[in-house]
Amino acid sequence: MTDGLLLNYIDGDWVDGTSEIANINPSDLSEVVAHHALADINQANQAIEAAAAALPNWKNSNPQTRFDILDKIGRIIISRQDELGQILAREEGKTLAEAKGEAFRAGQFFQFYAAEALRRTGEVNESTRPNIDVEVLREPIGVTVLITPWNFPIAIPAWKIAPALAHGNTVVLKPSEITPASAYYLTKIMEEAGLPAGVFNLLVAKGEDVGSALVSHPAVAGISFTGSVPTGRKIAQGAIQNMKKIQLEMGGKNPMVIMDDANLDIAIPVTINGAFYQTGQRCTASSRVIVHEKIYDAFVERFIAEMESLSVGPALDAATQIGPVVSETQLKSNLSYVEIARDEGCEVISGQHLADSNTGYFQRPGVFLNATNNMRSSREEIFGPLASIIKVGDFEEAIATANDTDFGLSSAICTSSLYNAREFKRRSEAGMAMVNLPTAGVDYHVPFGGRKNSSYGSREQGRAAIDFYTTTKTTYSFSG
């Protein structure tokens, strides 16, 4: 399924690049999952121009046409979730179960937005003047550039592509060059489903090679980006200068609050899930665990025991609970934060590189005890299987600590108190707040996004996606 060179997809044709990149399995460094052609700035311009040329027909297409194609894409993805999961697990490193689940979710996105293509509505208003009718219409914004990360290499493209197409836009997708195979096979499915040439274009490239074209090309109307804060800010600056619509999702340092009335039989697995599953490589990970002093010792003892029992290994091994880190660069970054935390005075439990296993980028989950909220290790996004545990004295200190961050994506509390739960949901300065659930894990039919440095622009997912992928037009008619 991954033999040969994987190509880019421009204007309905599979095209070679100007160079290529090897896609290495992080579970087995001797395995090349695929080689993928890398595009250059000229091909980026070609992809944008193809999307612009295809826009008039697609935006004026019958909603039923868009429904049929998107629904077919979703059904094909779900029918092939096992093989797509294999590819995803091999190139990104998450466990096979997690990878299959992600592929299934990608299919759900397409099916949900297939229905949204039929559901899009406007408004009819009465004018303040006689004999005049007012209608507010929703129209596609145009050519959209979608820039997606490596950690969810099929789900995040799906939750951007599907609403873009459903609402009549055309697309240029630039996935991460670290995990291009998932996007390649997703593109093959879209082609198989009958998507017209030019409506969707796949451009695998390094950001520094094509970024200027994607941000500044006059045909591009909007840019939806998921990735780091520095890159998001750079895109935002370029987009604003060129008057593009932007939507940015940029990470988190998410708090998991454990109150003294928490049920530890719930709190322990919930926190383990949020902090370490998918190797901690998700922007909604529980990287700050804020624990009431009355149960701190009991929580830490059980948490460490559960953490150290987790099985770390190859993604395709059925016994594996935590797969490898995605790349050598990410592993080195994670290990540097272990040293930073130790230098800041934390007691570091585990978190080491499994150096005796040279087959992949394996790292034990780790925890930083005696942490405070002003440490670098407690404030900067690490994006690995590492968490700080911070002791607090009461609910008010817990809320203040949870909100004392430059990020605001997701938050959670474990408590048996209705008051604590209600107050936390009301006062949490995050885009999503959970009670007795992990900070990670959201449904596809509701808004996703945060505040502060986590997000900029309108929300992703659910019906909220219409706010980014459409613009309103107010029309007036005089009836005489």
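**Close-up 1. Helix H3 and the residue that follows it.** Right after H3, Gly93 takes a positive phi of about 105°. This is a predicted model, in which local features need pLDDT of at least 70, side-chain atom pairs count only at pLDDT 80 or more, and totals for chains, interfaces and linings use all residues. Residues are numbered from 1 along each chain as its sequence is written, and side-chain values use heavy atoms, with hydrogens and water left out. H3 itself covers residues 81–92, twelve residues in total, and reaches 16 Å from its first C-alpha to its last, close to the 16 Å expected at 1.5 Å a residue. Helices (H or I, at least four residues) and strands (E, at least two) are DSSP runs, numbered from the N terminus; the expected span of a helix is 1.5 Å times one less than its number of residues. Among the buried residues of H3 are Leu84, Ile87 and Leu88, and also Arg90, Glu91 and Glu92. Buried here means under 20% relative accessible area, exposed over 50%, and partly exposed in between (1.4 Å probe, protein chains only). The buried residues of H3 pack against E4, E5, helix H2 (63–79), H4 and helix H6 (180–192).

**Close-up 2. The E1-E5-E4 sheet.** Here we have an open sheet of three strands, in the order E1-E5-E4, with mixed pairing. Its edge strands, each pairing on one side only, are E1 (5–6) and E4 (19–25). Two strands count as paired if DSSP finds at least two bridges between them. E1 pairs with E5 (residues 28–38) in the parallel sense over two bridges, and Leu6 has His36 in E5 as its bridge partner. E4 and E5 run antiparallel and are joined by seven bridges; for Asn23, the bridge partner in E5 is Ala34. Two residues sit between E4 and E5 in the hairpin that they form.

**Close-up 3. The E6-E7-E23 sheet.** Another open sheet of three strands runs in the order E6-E7-E23, this one with antiparallel pairing. At the edges, pairing on one side only, are strand E6 (123–126) and strand E23 (470–478). From one strand to the next the twist averages 25°, with axes fitted as lines to C-alpha atoms (for helices over the stretch in contact) and angles running from 0 to 180 degrees between N-to-C directions. Strand E7 (residues 132–140) and E23 run antiparallel, joined by nine bridges. Look for Asp133, whose bridge partner in E23 is Ser477.

**Close-up 4. The largest nonpolar core, with Phe299 picked out.** This core has 98 residues, and the members touching the most others are Ile73, Phe110, Ile161, Phe200, Ile258, Phe299 and Ile389. Helix H4 (residues 96–119) gives the most to this core, with ten residues. A nonpolar core means a set of buried Ala, Val, Leu, Ile, Met, Phe, Trp, Tyr and Cys residues joined through side-chain atoms within 4.5 Å. Leaving aside neighbours within four places in sequence, Phe299 is in contact with Ile258, Leu264, Ala267, Ile268, Thr271, Val289, Val291 and Ile389; contact means heavy atoms within 4.5 Å. Apart from the largest core lies another, of 28 residues, including Ala50, Val145, Val172 and Leu248.

**Close-up 5. Helix H8 and what covers it.** H8 (residues 229–241) has 13 residues and reaches 18 Å from first C-alpha to last, close to the 18 Å expected at 1.5 Å a residue. Its buried residues are Val229, Gly232, Ile235, Ala236, Gly238 and Ala239. The cover over them includes strand E8 (143–147), helix H7 (207–216), strand E11 (220–226), strand E12 (245–249) and strand E18 (407–408). Just after H8, Met243 takes a positive phi of about 60°.

**Close-up 6. Ile382, a buried loop residue.** Ile382 lies in the loop between helix H12 (376–379) and strand E17 (386–392), and is buried, with a relative accessible area of 6%. Not counting residues up to four places away in sequence, Ile382 touches Lys253, Gln330, Asn334, Tyr337, Phe368 and Ser377. Leu335 is 47 residues apart from Ile382 along the chain, with 9.7 Å between their C-alpha atoms.

**Close-up 7. Cys283 and Cys414.** Searching the whole structure turns up zero disulfides, a disulfide being a pair of cysteine sulfur atoms within 2.5 Å. The closest cysteine sulfur to that of Cys283 is in Cys414, 20 Å away, so too far for a bond. Cys283 counts as buried at 18% relative accessibility, and Cys414 counts as buried at 1%.
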